Amino acid sequence: QVQLVESGGGLVQTGGSLRLSCAASGSTFRAYLMGWFRQAPGKERELVASINWSWGVTYYADSVKGRFIISRDNAKNTVSLQMNSLKPEDTAVYYCAARSTAATLWDYWGQGTQVTVSS
């Protein structure tokens, strides 16, 4: 059973940085795509960044490109999201997610971690 546990959320001022981590267990994850989503109040959940576990190929939403960096640590089975130059509009609950590269739906989700950016 795949389990994803996020950590690292919190309150930060505009322009600050936070690092989110996702501890993954229950699979080898070599054939998985790992992603970070976020959902702000009253808005739909959106994909912020993703990374192919085997090849390290990354994707970023335009809204975070150049500010956020997604990475994975194969030895520790963790995926991280380094968030820099944070803006109030980055405030949301951030979720770690995983899916097989052969699938189209994101099958596994963490419980979410709150990120609040104050102006």
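**A strand-only chain and its four-stranded sheet**

S71 stands opposite S80, a residue of strand β8. The model in which this pair is found is a predicted one. S71 and S80 are a convenient place to enter the structure, and the rest of their surroundings can be built up from there.

Strand β7 covers residues 68–73, and strand β8 covers residues 78–83. The two run antiparallel and are joined by six bridges. A further facing pair in this region is D73 and T78, the latter in β8. β7 and β8 form a hairpin, with four residues between the strands. In the turn of this hairpin, N77 has a positive phi of about 55 degrees.

The hairpin is part of a wider arrangement. β7 and β8 belong to an open sheet of four strands, in the order β1-β3-β8-β7, and the pairing is antiparallel. β1 and β7 stand at the edges with a single partner strand each, so one side of each has no neighbour in the sheet. On average, neighbouring strands of this sheet are turned by 15 degrees against each other, with direction ignored. Strands of a sheet pair through backbone hydrogen bonds, in either a parallel or an antiparallel manner.

At the other edge, β1 comprises residues 3–7. Five bridges connect β1 with β3, residues 18–25, and these two strands run antiparallel. Within this pairing, S7 stands opposite S21 of β3. The side chains of β1 alternate along the strand. L4 and E6 point to one face and are buried, whereas Q3, V5 and S7 point to the other face and are not buried.

β3 also carries one end of a covalent link. What does a search of the whole structure find in the way of disulfides? The search finds one. The disulfide is formed by C22 and C96, whose sulfur atoms are 2.1 Å apart. C22 lies in β3 and C96 in β9, residues 92–100, so the pair ties together parts that are 74 residues apart in sequence. The torsion about the S-S bond of C22 and C96 is about -75 degrees, which means that the disulfide is left-handed. Both C22 and C96 are buried.

Another residue worth following is N52, which lies in strand β5, residues 46–52. Is N52 buried or exposed? Its relative accessibility is 14%; the cut-off for buried is under 20%, so N52 counts as buried. The N52 side chain reaches the backbone nitrogen of S54 at 3.0 Å. Leaving aside residues up to four places away in sequence, N52 touches Y32, L33, V57, R72 and T101.

The chain as a whole can now be described. It has zero helices and 11 strands, so the elements read as β throughout from the N terminus on. The radius of gyration is 13 Å, close to the 14 Å given by the globule rule for 119 residues, so the chain is as compact as a globular protein of that length. Its C-alpha trace spans about 40 × 25 × 25 Å along the principal axes. Of the 119 residues, 44% are buried. Among contacts between residues at least 6 apart in sequence, 53% join residues at least 24 apart.

Note on methods
Residues numbered from 1 in each chain as written. Predicted model: local features only at pLDDT ≥ 70, side-chain atom pairs only at ≥ 80, totals over all residues. Heavy atoms only, no water. Buried < 20%, exposed > 50% of the residue type's maximum accessible area, 1.4 Å probe, protein only. Pairing = 2+ DSSP bridges. Disulfide = S-S within 2.5 Å. Axes fitted to C-alpha atoms, helices over the stretch in contact; angles between N-to-C directions. Polar contact = N/O pair within 3.5 Å; in protein donor to acceptor, adjacent residues only side chain to side chain. Contact = heavy atoms within 4.5 Å. Rg over C-alpha atoms; globule rule 2.2 N^0.38 Å.
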